[in-house]
Amino acid sequence: MNMNDLQQDLAAFWMPFTANRQFKQAPRLLAEAKGMFYKTPDGREVLDACAGLWCVAAGHSREEIVRAVQEQVARLDFAPTFQMGHPLAFETASRLAAITPPGMNRVFFTNSGSESVDSALKIALAYHRARGEGTRTRLIGRERGYHGVNFGGMSVGGIPGNRKTFGGSMLPGVDHMPATHDLKRNAFSRGQPAHGAEFADELERLVALHDASNIAAVIVEPLAGSTGVLVPPKGYLQRLREICDKHGILLIFDEVICGFGRLGGAFAYDAFGVKPDLMTLAKAINNATVPMGAVVARQEVHDAIVNGAAEGAMEFMHGYTYSAHPLACAAANATLALYERDGLFARAGSLAPMFEEGAHSLKGTKNLVDIRNFGLVAAFEMAPRPGAPGKRGYEAMVKCFEAGMLVRVTGDTVAVSPPLIIEPAQIERIFATLSKVLASID
């Protein structure tokens, strides 16, 4: 392919969440992937330090998953799940129900994290309506929360850049709790910060303002990923659970990023001991091989909706053409089997102490104002350049790529969240590379 052809190809693709003009002047292209590494078109290896987009937990191009998808596309390429079904959909739901928190055993399939969030919000509204509490329509999110890019997810989300353009078209009846980030008290905490459980008490203020009879659900990321890895303070999630129980409000955990081993257990319940009423999943559900997401519900929530409808009626007027797509299910079944066979969730937990030590070894690096970590995820926050927020973060991302490593960047925060198959030597390489790159940035 000559350069003119390449430029034409670059022009055609309107890239998501990308500075398109900047990227197309100096593109960073990935052509192949295997295990822990990508390859560029010219054959250069790039260590994947962020599992693609937080999603390739089992490493790239695993033979078991590839084979499952190849065999499935030849057997059954598509089947509708509106008033029909196919065996894999029920198998995948059962496999998920076997590893999700106790009592959370009803699975609604989607195709992305954004769709999972909007589906969960609809389930919450339908639940209260089915119970005769149809006034419960208000939804509570959190500042700095990220819940995808559909209108529902943006409305409960709290990242200004995602809301700026579309702020006039958000869902009505949404409010927000404050973020838990407290740099003054918690900078350089290892694991869960000691301070900040009281941030959950802001929910009581919102209950007093709106009255519980009008509030349907609270949605939070147990560990907020896209905003720069904000780890929940000790006691914070427990306090949220208590307040929701007190007022009959559903608690939704958005586990699109932190589910499937990222925190050292299957889900946030295993890491923090708090069980939600609904949880949203995607990304690592099938190692990102085929787009897929899900909402997992407490059986009581499911039963209230399904049993509350007239006999023979569609109980929940919601769904997607590709819900439980056969290829996505085949990939999910192979992935879940692989997670279990290789003990990857427990492996992540066993590597977490080394990962924490490596991350915090960078303390004292120039411009670094905070390091945050939990399980196999860590973030490095730099002070912004005066008048140029985000420039240091972008420079760090580019320099890491040039040094053979893929990282995520949010503003001036660099995040790493590698596949769970990572080896100790590769953990050392991640933090050695980061140490050099961050020290080189003025």
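Start at the lining of the second largest pocket in this predicted model: select strand E4 (104–110), since the largest share of that lining, five residues, comes from E4. Now add the other elements that give two or more residues to the lining of the second largest pocket: helix H5 (87–97), strand E10 (293–298) and helix H13 (299–307). The pocket has a volume of about 1100 Å³, and 30 residues line it. To centre the view, pick Thr81, Val107, Phe108, Phe316 and His318, the lining residues that lie nearest the centre of the second largest pocket. Colour the lining by class and you should find 20 nonpolar, eight polar and two charged residues.

Keep H13 selected and add helix H6 (residues 113–130). The axes of H6 and H13 are 8 Å apart, and the two helices pack at an angle of about 60°. That angle makes H6 oblique to H13. Look along the contact and the handedness can be checked: H6 passes H13 in a left-handed crossing. For the side chains, show Ile123, Ala126, Tyr127 and Ala130 in H6, which meet Glu300, Val301, Ala304 and Ile305 in H13. Of the residues in the contact of H6 with H13, seven are nonpolar, none is polar and one is charged.

Next, hide those helices and turn to the enclosed spaces. How many cavities of 30 Å³ or more does a search of the whole structure find? There are five cavities of 30 Å³ or more. Go to the largest cavity, with a volume of about 120 Å³. Its lining has 14 residues; select His181, Asn186, Pro193, Val231 and Arg372, which lie nearest the centre of the largest cavity. Then select helix H9 (183–186) and strand E11 (368–374), the elements that give two or more residues to the lining of the largest cavity. E11 supplies the largest share of that lining, three residues. By class, the lining of the largest cavity holds six nonpolar, five polar and three charged residues.

The next stop is another helix pair. Select helix H4 (residues 63–75) and helix H14 (residues 326–342), whose axes come within 8 Å and cross at roughly 155°. H4 and H14 are therefore roughly antiparallel to each other. The crossing in which H4 passes H14 is right-handed. On the H4 side of the contact, show Glu64, Ile65, Ala68, Val69, Gln72 and Val73. On the H14 side, show Pro326, Leu327, Ala330, Ala331, Ala334, Thr335, Leu338 and Arg341. The residues of the contact of H4 with H14 comprise 10 nonpolar, two polar and two charged.

Finish with helix H16 (residues 391–402) and helix H17 (residues 424–439). At what angle do the axes of H16 and H17 cross? They cross at roughly 130° and come within 10 Å. That makes H16 oblique to H17. The crossing of H16 and H17 is right-handed. Select Ala396, Lys399 and Cys400 of H16, then Leu434, Val437 and Leu438 of H17, to see the residues that make the contact. Coloured by class, the contact of H16 with H17 has five nonpolar residues, no polar residues and one charged residue.

Notes. Residues numbered from 1 in each chain as written. Predicted model: local features only at pLDDT ≥ 70, side-chain atom pairs only at ≥ 80, totals over all residues. Heavy atoms only, no water. Axes fitted to C-alpha atoms, helices over the stretch in contact; angles between N-to-C directions. Helix = DSSP H or I, 4+ residues; strand = E, 2+ residues; numbered from the N terminus. Parallel < 35°, antiparallel > 145°, perpendicular 65-115°, else oblique. Left-handed = near helix turned anticlockwise from the far one by under 90°. Contact = heavy atoms within 4.5 Å. Nonpolar A, V, L, I, M, F, W, Y, C, P; charged D, E, K, R; others polar. 1 Å grid on protein atoms, 1.4 Å probe; cavity = no way out; pocket = protein on both sides within 12 Å on 5 of 7 lines; lining within 4 Å. Points joined across faces, edges and corners; volume = space filled by probe spheres on them.
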